[in-house]
Amino acid sequence: MRVDERRTVGDRRLGSVEYGPMTSGTPLIVVLGHQRCGAVKAAYAALHNDKPLASNLQAIVKALQPAYEQTVREGGADPVDTMARAQVELTATELRSNQDLAPLVAKGALAVVGAYYSLDTGRVEVLAGAPS
């Protein structure tokens with residue numbers, strides 16, 4: 001497996017996210033996960049049962065594997081929920097440490113916030129990275 005296959009954010013998506021802060025001074029990126037995410041549920045099942053998904057869906061599984069591994073280490077009552085939250089935090093961390101975005105974060109020109117949307121309550125919970 002190539003190193004870039006395990007990144008949470010691929011090059012095209014990363015370029016799209018970098019565009020605003022790097023060209024227009026966008027001050028905020030929000031990485032938003034949500035309750036009962038179908039992609040996370042499918043990836044969790046595929047990894048937990050060691051049954052790869054078909055075709056390009058397996059690329060999603062590979063991208064979510066670090067969140068799955070963190071979920072296995074941490075445990076929790078609802079592993080899919082735990083994995084969705086882990087994916088948000090991993091993605092936000094990856095963006096904060098990105099070579100082009102990190103300097104903006106360091107000087108306070110950009111905040112990268114990880115958040116979780118509850119379908120049951122309609123509330124958004126900030127997980128990490130809230131500006132002070």
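## Close-up views of a predicted chain

**View 1. Ser-55 sits in a loop of this predicted model.** Ser-55 belongs to the loop that joins H2 and H3. Although Ser-55 is not a glycine, its phi is positive, at about 50°. Most residues other than glycine have a negative phi. With a relative accessibility of 64%, Ser-55 counts as exposed, since the cut-off for that label is over 50%.

**View 2. Arg-36 is another loop residue with a positive phi.** Here we look at the loop between E1 and H2, where Arg-36 is found. Its phi is about 55°, and Arg-36 is not a glycine either. Arg-36 counts as exposed, with a relative accessibility of 55%.

**View 3. Leu-14 is a buried residue of helix H1.** Helix H1 covers residues 11–24, and Leu-14 is part of it. The relative accessible area of Leu-14 is 11%, so this residue is buried, the limit being under 20%. Keep Asn-98 in the frame too: its C-alpha is 9.3 Å from that of Leu-14, while 84 residues separate the two in sequence.

**View 4. The largest nonpolar core holds 26 residues.** Val-40, Met-83, Leu-95 and Val-112 are the members that touch the most others in this core. Two or more residues come from each of strand E1 (28–34), helix H2 (38–48), helix H3 (57–74), helix H4 (79–96) and strand E2 (111–117). H4 gives the largest share, with 7 residues.

**View 5. Stepping back, the chain has 5 helices and 3 strands.** Follow the sequence and you will meet them in the pattern α-β-α-α-α-α-β-β. The radius of gyration is 15 Å, close to the 14 Å from the globule rule for 132 residues, so the chain is as compact as a globular protein of that length. Along the principal axes, the C-alpha atoms fill a box of roughly 45 × 35 × 25 Å. Of contacts between residues at least 6 apart in sequence, 61% join residues at least 24 apart.

**View 6. The surface and the charges of the chain complete the set.** About 8,000 Å² of the chain is exposed, with 54% of this area supplied by carbon and sulfur atoms. Buried residues make up 36% of the 132 in the chain. For the charges, there are 14 positive and 14 negative ones, and their mean positions lie 3 Å apart.

Note on methods
Residues are numbered from 1 along each chain as its sequence is written. This is a predicted model: local features need pLDDT of at least 70, side-chain atom pairs count only at pLDDT 80 or more; totals for chains, interfaces and linings use all residues. Side-chain values use heavy atoms; hydrogens and water are left out. Helices (H or I, at least four residues) and strands (E, at least two) are DSSP runs, numbered from the N terminus. The radius of gyration is taken over C-alpha atoms; the globule rule is 2.2 Å times the number of residues to the power 0.38. Buried means under 20% relative accessible area, exposed over 50%, partly exposed in between (1.4 Å probe, protein chains only). Contact means heavy atoms within 4.5 Å. Accessible areas come from the Shrake-Rupley method with a 1.4 Å probe; for residues, only the protein chains shown count as cover. Lys and Arg count as positive and Asp and Glu as negative; His and the chain ends are not counted. The place of a charge is taken as NZ of Lys, CZ of Arg, CG of Asp or CD of Glu. A nonpolar core is a set of buried Ala, Val, Leu, Ile, Met, Phe, Trp, Tyr and Cys residues joined through side-chain atoms within 4.5 Å.
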